[in-house]
Amino acid sequence: MDPIKNPFSPGAGAPPPELVGRDPILEQARVLLGRVKQGRAEKSMLLTGLRGVGKTVLLNEIEHRARKAGVRTLQIEAYEGSALGPLLASHLRTLLFDLDRLAGAGDKVKRGLRVLRSFVGALKVTVGPVTFGLDIDPEKGSADSGDLQLDLADLFVVVGEAAEERKSAVALFIDEIQFFSRLELGALIIAMHKVQQRQLPLALLGAGLPILPALAGESKSYAERLFSFPDVGALSEMDAMRALRDPAAEAGVAFNLNALKEVYRLTKGYPYFIQEWGYIAWNAAARSPITLQDIERATRTVTERLDQNFFRVRFDRLAPSERKFLRAMAELGPGAQRAGAIAEVLGVEVTSLGPLRAKLIRKGMVYSPAHGELAFTVPLFDEFMRRAMPVFRRK
Ligand SMILES: Nc1ncnc2c1ncn2[C@@H]1O[C@H](COP(=O)(O)OP(=O)(O)OP(=O)(O)O)[C@@H](O)[C@H]1O
Ligand SMILES: [Mg+2]
């Protein structure tokens, strides 16, 4: 069928034709933002889930709705090796200058700028293009200790106070939050704790791979009280079928029921895969309705495409020892695996796997859903590993 009219949108952060199955999370976000606007305490949100489940598109949709509701939004995306302080500083500067232009009495915004200036001055890393007006002096003694945990809290409080004074509310959106270090995550959590205690109109909405298991001690117990962690997961069979059927129907094209069921069976409801199958099947089908045979024909192409792109880019970043580790994990099948079982497959002592495990977590390939367990962050990666390395050899 006409590829120009193809409604499906496989791709990182590409908005789907229909955002199905996420109404409860959207509603939770609406309540959070509404309450924050009114200066009422509410848990901030961290959307967590595997690769390609739709965290970014959901976060973007919430940001869009927040802006429409009159909330001031900041959008940040972390990446491997990025530092929280500098990423935040330039966004907060823009925000404070915007607030400064609003009518309203008081000097909280000016103070915010002075404290931000102190914060930037105390950052150990250099901050690219964050320059300030010449008339802004740092405020000595605020956010300038050089300890991110203390300084970020000072900064968030003055930003919250500035927003409050201007009868505004601020929502900070952070994607790929797992790339921040434990120290940075701890600082964010403490800063949000201070903001909530004072009921300031500042909310944090994040998305990323599951981080809670990585946090330890105090940070963890704070995080559990301050944030809710909605799980962004695979779609149910009903929702998966809707994600294919509704956008196609809008373009006057139908799917046969057995075709829909087959896509669900193959994708296990993972949104990115659903978009891929929908996209390729649409182009492969000669006419409506799209049949089981069309899906079967598409499957070969989709598998090749996924292997060459989605999976391959991740595989290519791995050292041989890391590949071997993941291949051993794949030997055990999908789902979480005990470290002990992986060591057994590899024929080594479990204690020797620590460094490799840490590297793979840092690369975002695996995460630890529970103590002593590991799981792939990419859905169906175990199947890919078995295709990429058909024979597993210990040596
Ligand atoms: N609710 C949904 N219904 C149907 N398709 C969806 C849904 N959510 C996301 N998608 C599709 O899934 C794909 C992946 O979305 P997105 O990039 O937001 O995932 P992600 O969780 O941020 O992935 P990553 O962890 O790799 O950043 C996109 O092609 C998007 O169109
Ligand atoms: Mg994403």
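## Basis of the description

Two strands are taken to pair where DSSP finds at least two bridges between them. The structure described below is a predicted model.

## The parallel sheet

The parallel sheet is open and contains 5 strands, which follow one another in the order β2-β3-β4-β1-β5. Its edges are formed by β2 (72-77) and β5 (227-228); each of these has a single partner strand, so one side of each lacks a neighbour in the sheet. Helix α2 packs on this sheet and touches β1 (44-48), β2, β3 and β4 (202-208). The direction of α2 makes about 165° with that of β3.

The partner of β2 is examined here at the level of residues. Strand β3 spans residues 170-175 and pairs with β2 in the parallel sense over 6 bridges. Within this pairing, Gln75 stands opposite Phe173 of β3. In general, the strands of a sheet pair through backbone hydrogen bonds, in either a parallel or an antiparallel arrangement.

## The antiparallel sheet

A further open sheet consists of 3 strands in the order β6-β8-β7, and its pairing is antiparallel. Here β6 (337-338) and β7 (366-367) occupy the edges; each has a single partner strand, so one side of each is left without a neighbour in the sheet.

Strand β8 comprises residues 373-376 and is joined to β6 by 2 bridges, the two strands running antiparallel. The bridge partner of Arg338 is Glu373, which belongs to β8. Helix α13, made up of residues 320-331, lies across β6, β7 and β8 and runs at about 95° to β8.

## The surroundings of ligand 1

There are 26 residues around ligand 1, and those that come nearest are Ser9, Gly13, Ala14, Lys55 and Thr56. By character, the shell divides into 13 nonpolar, 7 polar and 6 charged residues. Two helices, α2 (55-68) and α10 (271-284), each supply at least two residues of this shell. Helix α2 is also the helix that packs on the parallel sheet.

Several oxygen atoms of the ligand can be placed relative to the protein. A backbone N or O atom of Gly54 lies 2.9 Å from an oxygen atom of ligand 1, and a backbone N or O atom of Gly11 lies 3.2 Å from an oxygen atom of the ligand. Glu176 contributes through its side chain, a polar atom of which lies 3.3 Å from an oxygen atom of ligand 1. On its own, ligand 1 has 640 Å² of accessible area, and the protein covers 96% of that area.

## Backbone geometry in two loops

Most residues other than glycine have a negative phi, and most peptide bonds are trans. Two sites in this model merit attention in that respect. Ala143 is not a glycine, yet has a positive phi of about 55°; this residue is found in the loop between α4 (108-122) and α5 (148-165).

The second site is the peptide bond between Ser288 and Pro289, which is cis, with omega at about 0°. Pro289 is placed in the loop between α10 and α11 (292-308). Helix α10 also supplies residues to the shell around ligand 1.

## A contact between distant parts of the chain

Pro3 is located in the segment before α1 (23-37). Although Pro3 and Ile280 are 277 residues apart along the chain, their C-alpha atoms are separated by 9.3 Å. Once neighbours within four places in sequence are set aside, Pro3 is in contact with Trp282 and Asn283.

Methods: Residues numbered from 1 in each chain as written. Chains lettered and ligands numbered in written order. Predicted model: local features only at pLDDT ≥ 70, side-chain atom pairs only at ≥ 80, totals over all residues. Heavy atoms only, no water. Near = heavy atom within 4 Å. Polar contact = N/O pair within 3.5 Å; in protein donor to acceptor, adjacent residues only side chain to side chain. Areas by Shrake-Rupley, 256 points an atom, 1.4 Å probe, with all protein chains shown as cover. Helix = DSSP H or I, 4+ residues; strand = E, 2+ residues; numbered from the N terminus. Nonpolar A, V, L, I, M, F, W, Y, C, P; charged D, E, K, R; others polar. Contact = heavy atoms within 4.5 Å. Axes fitted to C-alpha atoms, helices over the stretch in contact; angles between N-to-C directions.
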